[in-house]
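Please open the structure in your viewer and keep the selection tool at hand. The tour below moves from one selection to the next and says what is there each time.

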Amino acid sequence: MDHIVLVGASAAGLTAADTLRREGFTGTLTMVGDELQLPYDRPPLSKQVLAGDWEPHRSTLRQDTDIQRLDMTLRLGCRATGLDTADRVVTLADGDRLGYDGLIIATGLRPRRLPFGHELAGVHVLRTLDETLTLRAQLLAGPRVVVIGAGFLGSEIAATARGLGLDVTLVDVEPAPMARQVGTWVGGLVGDMHRDHCVRLRMGRHVTGVTGENGRVTAVTLDDGSRLPADVVVVAIGSVPATDWLAASGLPLGDGVLCDRTCRAAPGVYAAGDVANWPHPVAGRRVRLEQRTNATQQAITAAGNLLSGPAEAVPYAPVPFGWTDQYDAKIQTCGWCPSDATVEVVDGDPQARKFVALYKVDGRVVGALGWNSARALREYRGHLTGIDAAR
Ligand SMILES: Cc1cc2nc3c(=O)[nH]c(=O)nc-3n(C[C@H](O)[C@H](O)[C@H](O)COP(=O)(O)OP(=O)(O)OC[C@H]3O[C@@H](n4cnc5c(N)ncnc54)[C@H](O)[C@@H]3O)c2cc1C
């Protein structure tokens, strides 16, 4: 194999590059990314960077010199626009065509948008460093903030905005924040925590409109007829895999790039990170994870499998691990925490906001959640290695 191309210059792409070199690949390596910055980490964006606790450059994953050591051509600010798997060519927005022997797709996600409102000034999404800095600049003016979507990201943004002393309302169609990710019982505790910090919660409500005056947002309207005055609106209603550039490639696409158990999507083509969808051998179904730890782990497996070839490729079967930081709470999950699971507290005290809960489906443990209980959760995480989450 002479030339490997990595598309997506972020957590998964960079880890894949590291792995290829560590595993002894001495050929040509090219990494293509449509953002201008050196690869940076996203978890601090909605937390330390938005809060102003970190200078933006602290989220950079590798300094220039470390990247140079990878002996790789880095094409930043350059979008991949097409893929020809028969001729093994990636097309770039500037017209260049990159031939490859091996390709790793790590293009992550794009924020989902509402069908209305995004043309108004003051309406934001948050996925990139630039979007974070633009939002932060607006938060400094002391606006009334409405966050639409109370998943992990929306809940974090609400917490950070409250930390800046702002007037914050959090809206979601679900009955509690993060209910889809951790179920309504833990979601209820997350809701209590936000109420304690004086965030107004409007749960179980649909947004029907985002209105403005003179091109600037002024309010969000809900399906009960209420109107939430807003100077800044953050739309955090989930994301979609960044596979638009692959539409004509013939690669199997669905909710992401559809890979096999080894993260392979076509001969010589692998995917890793948020964009990759694969049949999890233990879960017994296709999954796609939007977790930072997965971006690293999956990139290591995908790069290793690309080098070893299909005959020696290993299946990718991680125990998922994710976390969120809100106020003084670090909430970590491992395995699966489906909303219809039975939740059993096995350590600590939910009232004290320090506990571990197990998630059970049909009597089987499929996941665990720790709230300010990293050490205790670690022990349960070990027990989840052979997790049977067949659903
Ligand atoms: C604000 C925020 C906070 C988060 N916090 C947490 C957290 O607390 N805990 C946790 O577990 N996870 C968290 N996550 C999720 C975590 O950051 C992701 O799982 C991780 O970034 C995925 O890495 P990736 O490399 O797969 O994709 P991404 O980080 O999305 O990188 C993909 C890169 O590819 C580029 N790209 C896309 N299309 C093209 C194209 N056609 N051509 C060239 N380049 C392209 C994108 O611009 C991007 O730079 C957070 C995510 C966000 C956005």
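Begin by selecting residues 3–299, a span whose end C-alpha atoms lie 17 Å apart and which is 25% helix and 32% strand. What you have on screen is a predicted model, and for these residues, 3–299, UniProt lists "domain: FAD/NAD(P)-binding" in an unreviewed entry.

Within that selection, pick out helix 1, residues 11–22, and then add helix 7, residues 292–308, whose axis comes within 8 Å of the axis of helix 1 and crosses that axis at roughly 40 degrees. Because of this angle, which is neither under 35 degrees nor in the range 65 to 115, helix 1 and helix 7 count as oblique to each other. If you turn the view, helix 1 can be followed as it passes helix 7 in a right-handed crossing. To see the contact itself, show the side chains of Ala-11, Ala-12, Thr-15, Ala-16, Thr-19 and Leu-20 on helix 1, together with those on helix 7, among them Arg-292, Ala-295, Ile-300, Gly-304 and Leu-307. Coloured by class, the residues of this contact divide into 10 nonpolar, five polar and one charged.

Next, select residues 323–381, which UniProt lists, again in an unreviewed entry, as "domain: Reductase C-terminal". Over this stretch the chain is 14% helix and 59% strand, with the end C-alpha atoms 13 Å apart.

Finally, colour the protein by its division into domain 1 (3–110 + 240–312), domain 2 (113–237) and domain 3 (328–383). Where domain 2 touches domain 3, the contact takes 10 residues from domain 2 and nine residues from domain 3, and the side belonging to domain 2 has six nonpolar, three polar and one charged residues. The C-alpha centres of domain 2 and domain 3 lie 27 Å apart.

Technical notes: Residues numbered from 1 in each chain as written. Predicted model: local features only at pLDDT ≥ 70, side-chain atom pairs only at ≥ 80, totals over all residues. Domains from an automatic or database assignment. Contact = placed C-beta atoms within 7 Å. Nonpolar A, V, L, I, M, F, W, Y, C, P; charged D, E, K, R; others polar. UniProt positions renumbered as here; feature names shortened; annotations may be inferred. Helix = DSSP H or I, 4+ residues; strand = E, 2+ residues; numbered from the N terminus. Axes fitted to C-alpha atoms, helices over the stretch in contact; angles between N-to-C directions. Parallel < 35°, antiparallel > 145°, perpendicular 65-115°, else oblique. Left-handed = near helix turned anticlockwise from the far one by under 90°.
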